[in-house]
Amino acid sequence: LQLRAGQHELSGARDPYNYSDYREELDKILYDLAHTKVFDQITGYVANTMQDSCRLTSSDSCPITNQSLFKPKKATKVYPSGETQCIDGSEFFFEVSVGNMEKLHIHFQGGGACWDWLSYQVPACTTKASANPPYGIFNLSNPLNPLKDYTLIVIQYCGGDMHAGNTEQPWGKDGAMVKQVGYHNSDAAIRYALSQFPKLQNLVISGSSAGSLGVQYWSGKLIDLFADRNPDVAVIADSFLGVLWPPAEVQTSETWLMDKFKMCNPAVLTPAQLPKCNSGELLLQEMFVDTMRGHHDTRFSVVNSKADGTQILFEKGFELTAEYNLQGFFMTPGQFYKSASLMVVDYLENSNLYAYFIDGTQHTYLPGDWLYTASPDGYNITDGSPVLIDWLADFVSPSQQAARSVCSGPEKKVTALTPVGKNETNYCAEGLSDVQ
């Protein structure tokens with residue numbers, strides 16, 4: 001890698017012009033990206049039995065009422081073909097597990113991101129569609145699971161593009177083009193859901209890791225598409241807020257990424273968002289806030305660890321290799337949590353936004369059994385209150401009232417200019433406590 005000289009000031013004795021001064025840290029980040037646990041949850045899972053499958057064609061709509069293919073609480077693969085595809089050229093599918101036909105849970109699967117040749121070679125993203133492991137919120141036999149009776153549609157993630165891409169990149173062998181078409185993959189699954197659920201009482205939209213960014217991108221469109229069914233809607237963004245460092249570089253970095261994936265898509269963005277996106281003035285967080293403000297009857301939530309190790313890891317790798325941003329490369333857990341806190345405090349100005357912060361570095365909660373053991377005090381500490389699974393059960397239920405904001409630690413006044421320690425996360429920013 002070559003660092004762009006003079007683009008950012010760097011404190012300390014290391015030479016900003018000399019890559020070798022950063023080699024050890026960069027090599028560690030690349031290694032960690034290639035071995036991050038977020039992939040273990042997906043690619044390490046092998047179904048115990050052969051899954052039923054169906055191919056969408058002009059003569060076969062794969063009706064969910066076909067009981068020979070779609071069995072209660074068993075995942076069936078649906079191959080939509082068309083313009084769908086994984087980044088490595090393999091076939092895309094989504095999974096359907098039948099439950100109550102008037103209760104639907106749509107989940108955007110996680111699995112990293114690929115934003116340039118290097119991240120694709122690592123790879124820092126899942127490149128093939130994989131069966132979703134039946135753990136956490138996907139364990140439909142666990143009596144504690146508040147969504148156990150819902151029909152579940154998992155949108156597999158294999159484009160490395162936050163479920164939003166519509167482009168191709170020269171990252172293959174000898175410069176061969178690879179496709180990032182997460183938009184078409186997600187759209188195919190969503191269109192299928194629309195065709196199969198003419199009536200809905202409840203709709204839950206969730207996403208973990210990169211899928212959380214997919215939720216922020218897609219949730220407004222999804223809610224509008226299902227609006228004529230008039231369901232109660234709850235949205236869960238699990239473990240990826242989109243923190244970038246330093247704050248002054250956020251617009252530049254997000255604009256670069258949205259252009260790389262060709263996310264300025266009129267099929268998803270509103271008429272007000274599209275020109276801002278095309279001119280490099282739209283943030284993904286703005287899209288999420290627009291959705292909150294435009295759908296007052298929908299409940300939105302963010303679930304996040306204070307020092308999420310995987311979010312920090314990807315921020316470092318992205319900022320150095322894509323933006324040559326040395327300040328971003330050296331972002332500390334304290335800086336990450338401060339930015340995350342300020343972002344969520346702003347979100348909480350919307351009365352339909354709920355937040356749950358957890359001490360520690362754990363990445364993602366919905367896909368793992370720590371969903372049932374996490375509390376504000378840690379991912380495996382059930383003494384804290386409320387425990388995550390109880391809070392989540394209240395959040396998705398229209399008849400219950402979840403706490404607006406959950407955070408463990410003394411209150412601290414935090415602004416953009418507030419200095420924080422390298423690992424300082426043992427507080428709750430003013431505005432995260434006692435939210436009504």
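This is a walk through one helix, the cavities and the disulfides of the structure above. Please keep in mind along the way that the model is a predicted one.

Let us begin with helix 5, which runs over residues 210–225 and has 16 residues. From its first C-alpha to its last, helix 5 reaches 22 Å, close to the 22 Å expected at 1.5 Å a residue. If you follow its axis, you will find a bend of about 55 degrees at W218. How many of the residues of helix 5 are buried? The count is 14 of the 16, so helix 5 is largely enclosed by the rest of the structure.

Helix 5 also takes us to the empty space inside the model. Rolling a probe the size of a water molecule over the atoms shows where such space is left. Here the structure holds four cavities of 30 Å³ or more, and the largest cavity has about 340 Å³ of space in it. To find the largest cavity on screen, look for M162, L213, F240, L244 and L257, which lie nearest its centre among the 21 residues that line it. Which helices each supply at least two residues of that lining? They are helix 5, helix 6 (250–261) and helix 9 (309–321). Helix 6 gives the most, with five residues. As for the character of the lining, 14 of its residues are nonpolar, five are polar and two are charged.

From the cavity we can turn to the covalent links. A search of the whole structure finds five disulfides. With the bonded cysteines of the protein chain numbered in sequence order, the pairing reads 1-2, 3-6, 4-5, 7-8, 9-10. Three of these bonds are described below.

Take C86 and C158, whose sulfur atoms are 2.2 Å apart in a disulfide. The loop between strand 2 (75–79) and strand 3 (94–97) holds C86, while C158 lies in the loop between strand 5 (150–155) and strand 6 (167–169), so the bond ties together parts that are 72 residues apart in sequence. Is this disulfide left-handed or right-handed? The torsion about the S-S bond is about -75 degrees, so the disulfide is left-handed. Both ends sit out of reach of the surface by the cut-off of under 20% relative accessible area for a buried residue: C86 has 0% and is buried, and C158 has 1% and is buried as well.

Moving along the chain, a disulfide joins C264 to C277, with an S to S distance of 2.0 Å. This pair links distant parts of the chain, 13 residues apart: C264 is in the loop between helix 6 and helix 7 (273–278), and C277 is in helix 7 itself. The link of C264 and C277 is left-handed, with -80 degrees about the S-S bond. Its two ends are placed in unlike surroundings, since C264 is partly exposed at 23% relative accessibility, whereas C277 is buried at 8%.

Our last stop is the disulfide of C407 and C428, whose sulfur atoms lie 2.1 Å apart. Where do its two cysteines lie? C407 is in the loop between strand 12 (405–406) and strand 13 (411–412), and C428 is in strand 14 (residues 428–429), so the pair links distant parts of the chain, 21 residues apart. The link of C407 and C428 is left-handed, with -100 degrees about the S-S bond. C407 is buried, and C428 is too.

Technical notes: Residues are numbered from 1 along each chain as its sequence is written. This is a predicted model: local features need pLDDT of at least 70, side-chain atom pairs count only at pLDDT 80 or more; totals for chains, interfaces and linings use all residues. Side-chain values use heavy atoms; hydrogens and water are left out. Helices (H or I, at least four residues) and strands (E, at least two) are DSSP runs, numbered from the N terminus. The expected span of a helix is 1.5 Å times one less than its number of residues. The bend at a residue is the angle between axes fitted to the seven residues ending there and the seven starting there. Buried means under 20% relative accessible area, exposed over 50%, partly exposed in between (1.4 Å probe, protein chains only). On a 1 Å grid over the protein atoms alone, a cavity is a set of points where a 1.4 Å probe fits but cannot get out, and a pocket is an open set with protein on both sides within 12 Å along at least five of seven lines; lining residues have an atom within 4 Å of a point. Grid points are joined across faces, edges and corners, and a volume is the space filled by probe spheres set on the points. Ala, Val, Leu, Ile, Met, Phe, Trp, Tyr, Cys and Pro count as nonpolar, Asp, Glu, Lys and Arg as charged, and the others, Gly among them, as polar. A disulfide is a pair of cysteine sulfur atoms within 2.5 Å.
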